Amino acid sequence: MTLNRPFIRSIVTLSTLMVLTSSANASSEPQPLVLENAGDSIEISSEYLGYNNQTGGTPEPWNNKQRLKSLVKASPAMLRYPGGTISTYWDMRNDRVFKSGPAVDLEKDVVLNENYIIGWMRKLAATPHSNSLENFSKIVKAYPNPEDAPKFVFVANMVTPGHDYYEQLWGRPVDPTPLSNDWWKMLNDRYKRNTEALDRALEHGLTVEHIELGNEFFFGITAEPYISGGQMFKQKPGEWKRDFYGKFVTGAFPSLGEAYAYAANDWAKKLKASYPGVQIAAVGGDATSPEQADRRRKWNLNVVPLLDKELIDALSLHIYIGKPGDLDLSRGEAALESWTHYWTDHWDEMTALSAIPEDADIWLTEWDNAFMKHPKDWAHALMGSFTLSEFLDTKQITLTNYHQFDSARIEDQLTPIAQTLRLWSLASRGRNQANRIHFKNTSDLLFTWQFSGDNQSATYIISNLTEKPYTLAANQLPSEVTERIQSATNNLTTESEIGETSEKIQEQVTIPPFSLTLLR
């Protein structure tokens with residue numbers, strides 16, 4: 001099954017595009033846009049666009065004034081706390097990663113066995129830094145109007161401490177078999193730790209409206225033994241090769257992961273009773289290769305059907321699709337079109353392999369369209385706009401968090417992708433309906449979305465990934481607009497802050513080549 005993409009691209013042959021040059025098209029007369037129709041309304045979160053926020057390697061990160069300044073400038077509607085993989089090892093009582101060592105040792109405050117932690121997390125767990133909720137709440141205080149501050153997705157830790165910790169704490173052998181009395185007792189203690197953190201978040205002025213029940217629990221055995229089980233292993237820094245030894249560890253959700261569904265249902269029921277109106281996402285599976293383990297490829301077939309749809313509001317997925325290895329940005333529009341085809345080919349393959357349920361709402365709590373390579377240019381930023389448009393076209397993806405905020409800024413300046421996300425956030429925030437707007441006889445690399453909601457005026461974002469300029473008579477749009485905010489440059493390779501221009505709308509709006517335009 002593939003996520004529905006009803007908007008089918010017309011195909012422009014690369015041979016035709018290659019004979020066009022950027023300079024020739026950039027100097028052509030603007031083509032007037034003529035409204036054709038508005039597509040069906042799609043329901044989204046009113047905090048549709050935000051960032052994954054993983055700052056576990058930095059002590060009290062929001063003491064950094066440049067980080068705060070750039071966040072306010074970026075204007076996200078959502079931040080994810082404490083992050084992705086890091087949440088699996090997060091100490092909810094002390095707002096940091098649990099301390100690790102060669103073995104659990106309660107006298108030394110060592111809660112994690114370092115051999116059961118995914119490789120890149122070991123340095124953070126060896127010397128954990130505080131990322132306190134009190135420090136996180138400085139985000140709210142940084143906004144003159146607290147209502148403009150982002151909401152947050154709280155990622156729960158359902159997995160640690162592990163049973164090796166509880167054996168020492170309780171002074172007896174522990175039965176970690178899923179659904180055993182000890183298994184439930186460990187889960188209940190972890191649940192208490194999580195709700196203590198949620199209550200402190202509320203005390204500090206943060207919101208508890210979105211909760212994600214864990215992060216990427218679908219990896220195969222031995223990838224993260226505290227989750228899926230496996231043998232202890234030694235791993236040299238910087239290497240993926242592992243030498244296995246010692247006893248086999250039972251993770252919180254071993255085998256194919258079915259036990260996760262029972263735990264998620266239990267937590268969701270209690271969370272909804274304690275935090276009225278909270279929205280809850282359970283971990284969904286996103287497979288990227290037919291060679292991957294059954295646990296990952298079949299997660300949505302084995303685990304998701306066991307989730308209670310009355311309690312679970314959405315599935316969380318993470319989408320990382322890179323770019324063509326032979327991409328030549330000097331080809332301008334042709335390069336971007338080849339990138340869009342590359343992206344959609346990989347997207348269709350991934351969604352087919354993953355068997356994502358057609359009736360599920362999806363939270364993309366991590367995504368990137370350059371496979372986490374930094375820094376990133378204006379071409380990547382324009383492709384980010386294309387990616388967000390494709391996500392809307394699925395009619396299932398209701399919330400998105402780009403990975404991640406610190407990679408989208410340089411000190412207090414925004415990178416090009418952050419400028420794209422800023423305009424999308426300004427357009428969509430506070431609005432829970434999206435409609436694609438169609439213009440006649442235009443390239444599929446020019447696309448427009450309208451956002452609207454109760455007591456909110458409609459906004460529009462126009463993405464022009466072509467080399468051609470356009471004009472738009474604003475009175476054609478379904479709703480009145482009075483302001484234009486725009487970011488544009490013909491330099492697709494620039495990694496500098498693009499900035500934006502703003503002006504009152506008269507009658508005509510100019511849409512430059514390689515631009516993003518917000519109308520409101």
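**A short tour of a predicted model**

Let's begin with one small detail: a polar atom in the side chain of Asp 105 sits 3.1 Å from the backbone nitrogen of Glu 107. Before we go on, please remember that this is a predicted model.

So where is Asp 105? You'll find Asp 105 in the loop that links strand S8 (100-101) to strand S9 (112-113). Is Asp 105 buried, partly exposed or exposed? Its relative accessibility is 24%, and buried would need a value under 20%, so Asp 105 counts as partly exposed. Setting aside neighbours within four places in sequence, Asp 105 is in contact with Val 110 and Gln 168. Here's one for your viewer: pick the C-alpha atoms of Asp 105 and Tyr 165, and you'll find them 8.0 Å apart, although 60 residues separate the two along the chain.

Now, please turn to Ser 428, in helix H15 (residues 416-428). With a relative accessible area of 1%, Ser 428 is buried, because that value falls under the 20% cut-off. What does its side chain find there? A polar atom of the Ser 428 side chain lies 2.8 Å from the backbone oxygen of Trp 424. Beyond four places in sequence, the contacts of Ser 428 are with Ser 46, Tyr 48, Leu 49 and Phe 451.

Next, the nonpolar cores. Which residues touch the most other members of the largest one? They are Leu 213, Phe 253 and Tyr 260, in a core of 125 residues. Helix H14 (residues 378-393) gives this core its largest share, 9 residues. Apart from that core lies another, of 16 residues, including Leu 477, Val 481, Ile 511 and Leu 519. If you click on Tyr 260, look for its contacts more than four places away in sequence, among them Met 158, Phe 217, Trp 299 and Val 303.

There's also an open sheet to see, with 3 strands in the order S1-S23-S26 and mixed pairing. Strand S1 (31-33) and strand S26 (508-511) are the edge strands, each pairing on one side only. From one strand to the next, the twist averages 30 degrees. S1 pairs with strand S23 (residues 470-473) in the parallel sense, over 3 bridges, and Gln 31 stands opposite Tyr 470 in S23.

Finally, how confident is the predictor? The average pLDDT over the chain is 91, and 90% of the residues score at least 70. Residues 6-26 are another matter: pLDDT stays under 50 there, and the model has 33 contacts beyond four places in sequence for this stretch. Thanks for listening, everyone!

Technical notes:
Residues are numbered from 1 along each chain as its sequence is written. This is a predicted model: local features need pLDDT of at least 70, side-chain atom pairs count only at pLDDT 80 or more; totals for chains, interfaces and linings use all residues. Side-chain values use heavy atoms; hydrogens and water are left out. Helices (H or I, at least four residues) and strands (E, at least two) are DSSP runs, numbered from the N terminus. Buried means under 20% relative accessible area, exposed over 50%, partly exposed in between (1.4 Å probe, protein chains only). A polar contact is a pair of N or O atoms within 3.5 Å; within protein, one must be able to donate a hydrogen and the other to accept it, and residues adjacent in sequence count only if both atoms are side-chain atoms. Contact means heavy atoms within 4.5 Å. pLDDT is the predictor's confidence in each residue, from 0 to 100. A nonpolar core is a set of buried Ala, Val, Leu, Ile, Met, Phe, Trp, Tyr and Cys residues joined through side-chain atoms within 4.5 Å. Two strands pair if DSSP finds at least two bridges between them. Axes are lines fitted to C-alpha atoms, for helices over the stretch in contact, and angles run from 0 to 180 degrees between N-to-C directions.
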